[in-house]
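This note is addressed to a colleague who is meeting the structure for the first time. Please keep the sequence and the model at hand while reading the numbered points.

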Amino acid sequence: MSIEKFSISRDPEWYEAWPDVVRTGPERLLCIFTECTHHANRAHSRIMLTESADRGRTWSGKRQLIPDSFDSGCYFNCARISRLADRRLAVTVDRIRSGQPESDPGASSVCLLFSSDDGRTWSEPTITPLCGIVPDKLIELESGRWLLSAHCRAANGKLAQYLHYSDDGGRSWSDRITVAASAELNLCEASLVPLGGGGVAAFMRENSGLGLDCQKVLSSDGGASWGAVTAFPLPGCHRPTAGWLRDGRLLITYRFMQGGRGWLGSWTQNLFAALTDRESVLAAERSQCATRIMPVDFDRSPKSDLGYSGWVQFDDGEIYIVNYIVDDAIDRGQIRGYALHPDEFLL
């Protein structure tokens, strides 16, 4: 199995984490990530961009997306990036009020930024009605509907996933819709996958710390309503990032969190990738689903921290994954890239 690794950004002064990536040309990539004091300290927190013209083998210096002067008293947390049908790039990012518990309702809101020139210039952030943290990418369905989702704490104290949709390009939004909520499970960090014909799947992290399965829920009406929550056979799945490959299979990258008390203060050490198929995505029960799981990277640091990933696929089939990891930086997050082919999952 051959996985090539590349350094995207490594700065000994800052903790760099929570990246995502988008293609801006046949071999060009744009990576977005957070630069902060530390995972547990956001006294300094900026959203940064870096670019590659050679399929992620080398990268430019990083530059800031949102000026420090914008909206003081808040910090920007975790950004995602996608390309819309009109070729614009869209960034979603949660804006959190300093000093408030981030998952509490009303403590954070989700903003949108757009670029019409492949990321060279950006609009001012637009505050949307969506309250919550760790938003998914802005998802555009074949109908043109936009889906914008994030999670926050529900009235019962559990984490729940919500969304708003827009049918007019973000000029107006629906009322808040519950994607998934449970009396027993903490459901968060959803990755939405369009299925065609108004169908949408949401793959979610279960945040009890027990190493439980990924959780899945389906919509048949463009995200306006959602079915029952079911387990999907990816144990210990944190921050799933799901999407269709060119060959019709579904790829999900995620952090593996096994649960338990951790090892010498290190609570999660592995980035995994999994393949599944459309039949499994649509299945009503866990037992009807099939997955094939592959390790991508291991964090050797005694203070390991990794696994919020993004990925793209090139026209020749190569997959490029971005991820943050501590590893040989010891106590600083760094951004790393990985190149592999889907055939690496098989002999």
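1. Two strands are said to pair if DSSP finds at least two bridges between them. By this criterion, strand E16 and strand E17 (residues 230-235) are paired, with four bridges in the antiparallel sense. The model under discussion is a predicted one.

2. As to overall make-up, the protein chain contains 24 strands and one helix. Its radius of gyration is 19 Å, close to the 20 Å that the globule rule gives for 347 residues, so the chain is as compact as a globular protein of that length. The C-alpha trace extends over about 50 × 45 × 45 Å along the principal axes.

3. Burial and contacts should be read together. Of the 347 residues of the protein chain, 59% are counted as buried. Among contacts with a separation of 6 or more, 51% are between residues 24 or more positions apart.

4. On the surface and the charges, the following may be noted. The protein chain has an accessible surface of about 13,700 Å², and carbon and sulfur atoms contribute 50% of that area. The chain carries 37 positive and 44 negative charges, and the mean positions of the two sets lie 2 Å apart.

5. One open sheet deserves a closer look. It is formed by four strands in the order E10-E11-E12-E13, with antiparallel pairing. Strand E10 (139-140) and strand E13 (177-180) are at the edges and have a single partner strand each, so one side of each lacks a neighbour in the sheet. The partner of E10 is strand E11 (residues 146-153), to which two bridges connect it in the antiparallel sense. Within this pair, Ile 139 lies opposite Leu 147 of E11.

6. Is strand E16 (residues 213-219) largely enclosed or left open by the rest of the structure? Six of its seven residues are buried, that is, under 20% relative accessible area, so strand E16 is largely enclosed.

7. The neighbours of E16 complete the picture. Strand E15 (residues 199-206) runs antiparallel to E16 and is joined to it by five bridges. These two strands form a hairpin with six residues between them, and Gly 209 in the turn has a positive phi of about 80°. Gln 215 in E16 is the bridge partner of Met 204. Gln 215 also stands opposite Ala 231 in E17.

Technical notes
Residues numbered from 1 in each chain as written. Predicted model: local features only at pLDDT ≥ 70, side-chain atom pairs only at ≥ 80, totals over all residues. Heavy atoms only, no water. Rg over C-alpha atoms; globule rule 2.2 N^0.38 Å. Buried < 20%, exposed > 50% of the residue type's maximum accessible area, 1.4 Å probe, protein only. Contact = heavy atoms within 4.5 Å. Areas by Shrake-Rupley, 256 points an atom, 1.4 Å probe, with all protein chains shown as cover. Lys, Arg positive; Asp, Glu negative; His and termini not counted. Charge placed at Lys NZ, Arg CZ, Asp CG, Glu CD.
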